[in-house]
Amino acid sequence: MIIVYDRLEKPPSPHSTDSDAGVAKYSFIGLGGRGQRALQRFGLWDDVEKCCTAVLGRKDWSPESDEGVERIFKDRPITTQVLPRDKLVAILHEHIVKNYNEQIELNYGYEVIPVDFNCKRRNSGIHDVQDD
(Lines give C-alpha, C1' and ligand atoms only; values in the text may rest on other atoms or scores of the structure.)
Protein backbone atom coordinates (compact mmCIF):
# COMPACT_ATOMS: atom_id res chain seq x y z
CA MET A 1 0.00 0.00 0.00
CA ILE A 2 1.25 3.46 -0.93
CA ILE A 3 0.05 6.28 1.33
CA VAL A 4 0.13 9.84 -0.03
CA TYR A 5 -0.29 12.96 2.11
CA ASP A 6 -1.07 16.31 0.50
CA ARG A 7 -1.14 19.68 2.25
CA LEU A 8 -3.85 20.92 -0.09
CA GLU A 9 -7.52 20.00 -0.08
CA LYS A 10 -8.90 17.23 -2.29
CA PRO A 11 -9.02 18.50 -5.89
CA PRO A 12 -12.38 19.18 -7.53
CA SER A 13 -13.67 16.89 -10.24
CA PRO A 14 -11.69 17.25 -13.48
CA HIS A 15 -15.06 17.75 -15.18
CA SER A 16 -15.79 20.85 -13.08
CA THR A 17 -15.67 24.14 -14.96
CA ASP A 18 -14.88 26.16 -11.81
CA SER A 19 -11.16 26.31 -12.65
CA ASP A 20 -11.73 27.28 -16.30
CA ALA A 21 -12.29 30.98 -15.56
CA GLY A 22 -9.62 33.43 -14.45
CA VAL A 23 -6.67 31.51 -15.89
CA ALA A 24 -4.26 34.25 -14.82
CA LYS A 25 -4.21 32.82 -11.29
CA TYR A 26 -3.26 29.28 -12.30
CA SER A 27 0.09 27.62 -12.75
CA PHE A 28 0.34 25.96 -16.14
CA ILE A 29 2.21 22.79 -16.97
CA GLY A 30 3.62 22.06 -20.41
CA LEU A 31 3.64 18.44 -21.50
CA GLY A 32 6.12 17.57 -24.22
CA GLY A 33 6.76 14.21 -25.81
CA ARG A 34 8.16 12.52 -22.71
CA GLY A 35 5.24 13.63 -20.51
CA GLN A 36 2.66 12.68 -23.12
CA ARG A 37 4.19 9.20 -23.54
CA ALA A 38 4.25 8.65 -19.75
CA LEU A 39 0.57 9.57 -19.48
CA GLN A 40 -0.25 7.29 -22.44
CA ARG A 41 1.53 4.41 -20.71
CA PHE A 42 -0.79 4.73 -17.71
CA GLY A 43 -3.93 5.24 -19.81
CA LEU A 44 -4.31 8.90 -18.85
CA TRP A 45 -3.38 10.83 -21.98
CA ASP A 46 -6.84 10.88 -23.59
CA ASP A 47 -8.39 12.46 -20.47
CA VAL A 48 -5.52 14.92 -20.04
CA GLU A 49 -5.45 15.93 -23.70
CA LYS A 50 -9.12 17.01 -23.54
CA CYS A 51 -8.10 19.71 -21.05
CA CYS A 52 -5.00 20.88 -22.95
CA THR A 53 -4.19 23.64 -25.39
CA ALA A 54 -1.50 23.10 -28.01
CA VAL A 55 1.38 25.58 -28.03
CA LEU A 56 4.04 25.99 -30.69
CA GLY A 57 6.49 27.98 -28.62
CA ARG A 58 7.21 29.94 -25.50
CA LYS A 59 8.49 33.26 -24.29
CA ASP A 60 11.41 33.46 -21.86
CA TRP A 61 12.40 36.46 -19.76
CA SER A 62 15.74 37.14 -18.14
CA PRO A 63 16.10 39.11 -14.89
CA GLU A 64 18.12 41.76 -16.72
CA SER A 65 15.49 42.56 -19.37
CA ASP A 66 11.80 43.45 -19.50
CA GLU A 67 11.57 42.13 -23.03
CA GLY A 68 11.23 38.42 -23.48
CA VAL A 69 12.63 36.19 -26.15
CA GLU A 70 9.97 34.37 -28.13
CA ARG A 71 10.75 30.92 -29.46
CA ILE A 72 8.54 29.14 -32.00
CA PHE A 73 8.99 25.42 -32.66
CA LYS A 74 7.33 24.40 -35.92
CA ASP A 75 9.41 21.36 -36.82
CA ARG A 76 8.93 19.20 -33.70
CA PRO A 77 7.26 15.80 -34.14
CA ILE A 78 5.11 16.31 -31.01
CA THR A 79 3.35 19.54 -30.14
CA THR A 80 3.64 20.64 -26.52
CA GLN A 81 0.30 20.65 -24.72
CA VAL A 82 -0.42 23.00 -21.81
CA LEU A 83 -3.02 22.77 -19.04
CA PRO A 84 -3.58 24.21 -15.57
CA ARG A 85 -1.72 22.29 -12.86
CA ASP A 86 -4.94 21.97 -10.83
CA LYS A 87 -6.71 20.28 -13.74
CA LEU A 88 -3.88 17.76 -14.12
CA VAL A 89 -3.97 17.02 -10.37
CA ALA A 90 -7.75 16.47 -10.56
CA ILE A 91 -7.37 14.02 -13.46
CA LEU A 92 -4.61 12.12 -11.66
CA HIS A 93 -6.70 11.98 -8.47
CA GLU A 94 -9.74 10.63 -10.31
CA HIS A 95 -7.62 8.01 -12.11
CA ILE A 96 -6.03 6.80 -8.86
CA VAL A 97 -9.40 6.55 -7.09
CA LYS A 98 -10.99 4.63 -9.99
CA ASN A 99 -8.09 2.29 -10.76
CA TYR A 100 -5.78 1.99 -7.74
CA ASN A 101 -8.00 2.55 -4.72
CA GLU A 102 -6.79 -0.70 -3.11
CA GLN A 103 -3.10 0.09 -3.68
CA ILE A 104 -2.91 3.86 -3.09
CA GLU A 105 -4.41 5.78 -0.16
CA LEU A 106 -4.80 9.53 -0.75
CA ASN A 107 -4.97 11.88 2.28
CA TYR A 108 -5.64 15.59 1.89
CA GLY A 109 -5.25 18.45 4.37
CA TYR A 110 -2.00 17.17 5.92
CA GLU A 111 1.40 18.75 5.99
CA VAL A 112 4.43 16.51 6.18
CA ILE A 113 7.31 17.84 8.25
CA PRO A 114 10.71 16.17 7.82
CA VAL A 115 11.67 13.90 10.69
CA ASP A 116 14.97 14.41 12.46
CA PHE A 117 16.08 10.89 13.31
CA ASN A 118 18.73 12.27 15.70
CA CYS A 119 16.04 13.96 17.79
CA LYS A 120 15.14 12.22 21.09
CA ARG A 121 11.38 12.92 20.94
CA ARG A 122 9.17 10.79 18.72
CA ASN A 123 7.59 12.62 15.82
CA SER A 124 5.67 11.05 12.97
CA GLY A 125 6.22 14.13 10.84
CA ILE A 126 2.56 14.17 9.71
CA HIS A 127 0.25 16.88 10.98
CA ASP A 128 -3.35 17.67 10.12
CA VAL A 129 -3.37 21.19 8.63
CA GLN A 130 -6.39 22.08 10.80
CA ASP A 131 -4.42 21.23 13.97
CA ASP A 132 -1.83 23.98 13.35
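Trainee: Which are the buried residues of helix 1 (residues 33–41)?

Mentor: This is a predicted model, and in it a residue counts as buried when its relative accessible area is under 20%. Within helix 1, which spans residues 33–41, the residues that meet this cut-off are Gly33, Gln36 and Leu39.

Trainee: Within what arc do the buried residues of helix 1 fall, seen down its axis?

Mentor: An α-helix has 3.6 residues a turn, so residues three or four places apart point the same way. The buried residues of helix 1 line one face of the helix, because, seen down the helix axis, they fall within an arc of 135°.

Trainee: Which exposed residues are carried by the face of helix 1 turned away from its buried side?

Mentor: The buried side of helix 1 packs against strand 2 (28–31), helix 2 (45–49), strand 6 (80–84) and helix 3 (85–99). On the face turned away from that buried side, the exposed residues are Arg34 and Arg41.

Trainee: Which glycine follows helix 1, and what is its phi?

Mentor: Helix 1 covers residues 33–41, and the residue to look for comes after the helix. It is glycine 43, whose phi is positive, near 70°.

Trainee: Where is cysteine 51, and which residues is it in contact with once its neighbours within four places in sequence are left aside?

Mentor: Cysteine 51 has its place in the loop between helix 2 and strand 3 (53–55), and with a relative accessible area of 25% it is partly exposed. One of its partners is lysine 87, which lies 36 residues away in sequence, although the two C-alpha atoms are 7.5 Å apart in space. With neighbours within four places left aside, the contacts of cysteine 51 are Val82, Leu83, Pro84, Lys87 and Ile91.

Trainee: Is isoleucine 3 buried, partly exposed or exposed?

Mentor: Isoleucine 3 sits in strand 1 (residues 2–6), and together with Met1, Tyr5 and Val112 it makes a nonpolar surface patch of about 400 Å². Its relative accessible area is 45%, and a value between 20% and 50% falls into the middle class. Isoleucine 3 is therefore partly exposed.

Trainee: What pattern does the protein chain follow, read along the sequence?

Mentor: The protein chain has 3 helices and 9 strands, and, among its contacts between residues at least 6 apart in sequence, 67% join residues at least 24 apart. Read along the sequence, the helices and strands follow the pattern β-β-α-α-β-β-β-β-α-β-β-β.

Definitions and conventions. Residues are numbered from 1 along each chain as its sequence is written. This is a predicted model: local features need pLDDT of at least 70, side-chain atom pairs count only at pLDDT 80 or more; totals for chains, interfaces and linings use all residues. Side-chain values use heavy atoms; hydrogens and water are left out. Helices (H or I, at least four residues) and strands (E, at least two) are DSSP runs, numbered from the N terminus. Contact means heavy atoms within 4.5 Å. Buried means under 20% relative accessible area, exposed over 50%, partly exposed in between (1.4 Å probe, protein chains only). The arc is that of the directions from the helix axis to the C-beta atoms. Patches are made of residues with over 30% relative accessible area and no salt bridge: like charges are joined within 9 Å, nonpolar side chains (Val, Leu, Ile, Met, Phe, Trp, Tyr) within 5 Å. Accessible areas come from the Shrake-Rupley method with a 1.4 Å probe; for residues, only the protein chains shown count as cover. A salt bridge is a side-chain nitrogen of Lys or Arg within 4 Å of a carboxyl oxygen of Asp or Glu.
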